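Please open the model in a viewer and keep the selection panel at hand. The tour proceeds one selection at a time.

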Amino acid sequence: MAGERPAVWRVTGAASVAAITWVTRLVGLLAVISVVLPAGRRGMRGHVAVWLGLPQDATTAAAAVVLAVGVLLIMLASGLKRRKRRAWQLALAASAVLAVSHLGMQHVFGAGVVAVALAVTLVLNRRHFVALPDPVTGKWVAVRVFLQLLVAGFVINVALLSVAPSRFMAPLSFPDRMAEAALALFGVSGPAEFHVEWMDDLTATVGLLFGLGAVLLAAYFLLRSAEPAPHLSEDEKARLKALLDKHGARDSLGYFALRDDKFVVFSKTGKAAVTYRVIAGAAIASADPLGDNEAWPGAIEEFLAVCRRHGWVPAAMGCSELGATAWARYDLDVLEIGDEAVVDAATFTLEGRVMRGVRQAVAKTKRAGYAVRVRRSEELAEGELAELEALAAKWRGSDTERGFSMALGRMGDPGSVLVTAEQDGVVRGLLQFVPWGSDGLSLDVMRRDRTADNGINELMISELLLAAKDYGVRYVSLNFAAFRKLLEQGRRIGAGPVARASAKVLGWMSHWVQIETLYRFNAKFQPAWVPRYLVYPGVRELPRVGVAVFEAEGLAGRSPRLRRLLRR
């Protein structure tokens with residue numbers, strides 16, 4: 001119906017889920033405190049454990065269970081927040097175990113009552129926890145990790161008991177050593193008689209460490225948000241390419257949706273699509289949706305439905321103002337993160353005072369013997385593309401390929417333009433531009449030999465801009481300048497203390513991430529600045545989204561080896 005507000009990305013029961021999340025954390029924290037702090041372990045003469053006549057070993061084992069379950073509940077709270085069905089199941093089981101375990105501990109009975117109340121609350125609100133479990137890790141990996149840690153702790157303790165001299169402990173038969181090692185995993189004393197207290201503590205610590213580790217790591221693999229290896233099928237690429245051919249002129253970043261390491265969801269009509277990648281529980285969409293902007297709501301709703309189904313946090317990186325407006329209709333927050341530099345090649349010139357710096361750099365490099373070649377990818381000689389790819393990889397400077405929303409991740413696509421700077425017949429610099437509609441290009445790759453003269457990038461860009469009309473190109477999108485407005489405001493005379501401090505922080509960060517340097521470089525070409533935005537659910541989710549965006553862009557995050565391990 002016209003004028004009707006679209007459904008937000010959150011589903012019903014948000015208040016109940018938030019309350020259950022915090023209560024679960026609180027119950028877990030209280031359980032840990034009840035074991036760790038002396039006040040929590042102080043007994044009560046009339047406690048149920050005394051009534052039942054439970055032995056000391058039973059109370060010790062119960063304390064170990066309470067500690068493990070308490071930590072587990074704190075971990076489960078994150079899964080409950082994302083409405084994970086498996087987190088709900090484990091939390092229900094953990095609260096029941098916690099309530100029973102308190103019967104074996106000699107302290108306040110109220111802690112068990114709180115656990116029972118949590119279990120009842122979970123049952124009453126079970127309809128809100130519908131997110132699917134991790135389809136990549138699966139329960140069998142969790143079982144394997146659980147068994148591996150238990151076996152490791154068991155073997156280590158059997159070895160310790162086998163090599164211990166008689167002055168440390170009374171001789172034990174091999175079956176008794178196995179029994180002692182197995183019981184230590186659950187915090188229970190076995191048949192061993194120790195002559196020194198530290199040996200008893202050592203075996204107990206090893207047992208509890210591996211026992212608790214087995215429970216907690218198995219829970220992690222059961223609860224970890226899905227992070228499947230992304231990939232676009234050939235059919236999906238063809239459908240995306242058709243959308244770009246029809247509507248690609250609207251967004252300079254549209255072509256980067258064809259990266260191989262993305263997933264895609266289409267609207268039910270097929271007229272729009274959202275491409276994304278899943279990192280650390282966040283689904284990061286790439287810039288604006290593709291296709292007809294009138295059909296964007298259908299694609300966004302499909303994307304948000306996928307996020308709800310898997311318990312992912314939705315976000316979009318590098319949106320235009322129109323795209324951010326469309327996303328904001330779904331109760332998502334918007335943050336301006338910088339500006340894209342777009343140059344009108346039809347009016348570009350090296351003349352004038354404002355272009356003096358670029359003009360001098362171009363003249364200097366030309367005097368040094370550099371010559372520039374501008375060619376479509378189809379014009380490259382056989383084998384030349386492979387040579388350029390090898391050079392680009394060599395000059396990259398790191399093992400990580402940076403870019404996600406503003407990089408393609410490969411070279412030589414049809415319609416792309418490659419610019420090379422050569423000195424004495426040797427390639428010393430390379431640019432790649434990808435198509436932006438029928439009359440535009442977007443900068444994808446900018447690499448140079450580290451030993452090449454300064455000014456080589458200015459030379460290549462200016463030559464491309466001057467030759468653009470020969471290729472039917474008018475608009476050229478250059479690098480993205482993060483937080484440009486903050487930098488400008490902080491450098492102005494009379495800027496306030498907050499603006500100056502923000503500019504200083506960004507300048508300090510530029511030592512590791514190119515922020516100010518990219519802005520200064522882009523500004524040389526007198527571009528039009530087009531704002532770009534980050535879309536995210538709210539302030540509480542911003543840290544997770546930030547980590548995912550930094551990793552997607554190749555700026556920071558987990559190592560590739562760790563990511564491969566977690567995806568197995």
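The stops below cover confidence, the nonpolar cores and one helix pair.

This is a predicted model, in which local features need pLDDT of at least 70 and side-chain atom pairs count only at pLDDT 80 or more, while totals for chains, interfaces and linings use all residues. Residues are numbered from 1 along each chain as its sequence is written, and side-chain values use heavy atoms, with hydrogens and water left out.

Colour first by pLDDT, the predictor's confidence in each residue, from 0 to 100. The protein has a mean of 80, and 80% of its residues reach 70 or more. Select residues 1-5, where pLDDT is below 50, and then residues 38-58, where pLDDT stays under 50. Where pLDDT is low, the predicted coordinates should not be read in detail.

Next, select L240, I284, L534 and V545, the residues with the most contacts inside the largest nonpolar core, which has 32 residues. Such a core is a set of buried (under 20% relative accessible area, 1.4 Å probe, protein chains only) Ala, Val, Leu, Ile, Met, Phe, Trp, Tyr and Cys residues joined through side-chain atoms within 4.5 Å. Helix α19 (542-552) is among the elements that each supply at least two residues; its share, four residues, is the largest. A second, separate core of 30 residues includes A341, M355, Y370 and I461.

Finally, select helices α13 (residues 356-367) and α15 (residues 456-467), DSSP runs of H or I with at least four residues, numbered from the N terminus. Their axes, lines fitted to C-alpha atoms over the stretch in contact, come within 8 Å and cross at roughly 105°. That makes α13 roughly perpendicular (65 to 115 degrees, between N-to-C directions) to α15. Contacts (heavy atoms within 4.5 Å) involve residues including V358 and A361 of α13 and L459 and S462 of α15.

Note on methods
Axes fitted to C-alpha atoms, helices over the stretch in contact; angles between N-to-C directions. Parallel < 35°, antiparallel > 145°, perpendicular 65-115°, else oblique. Buried < 20%, exposed > 50% of the residue type's maximum accessible area, 1.4 Å probe, protein only.
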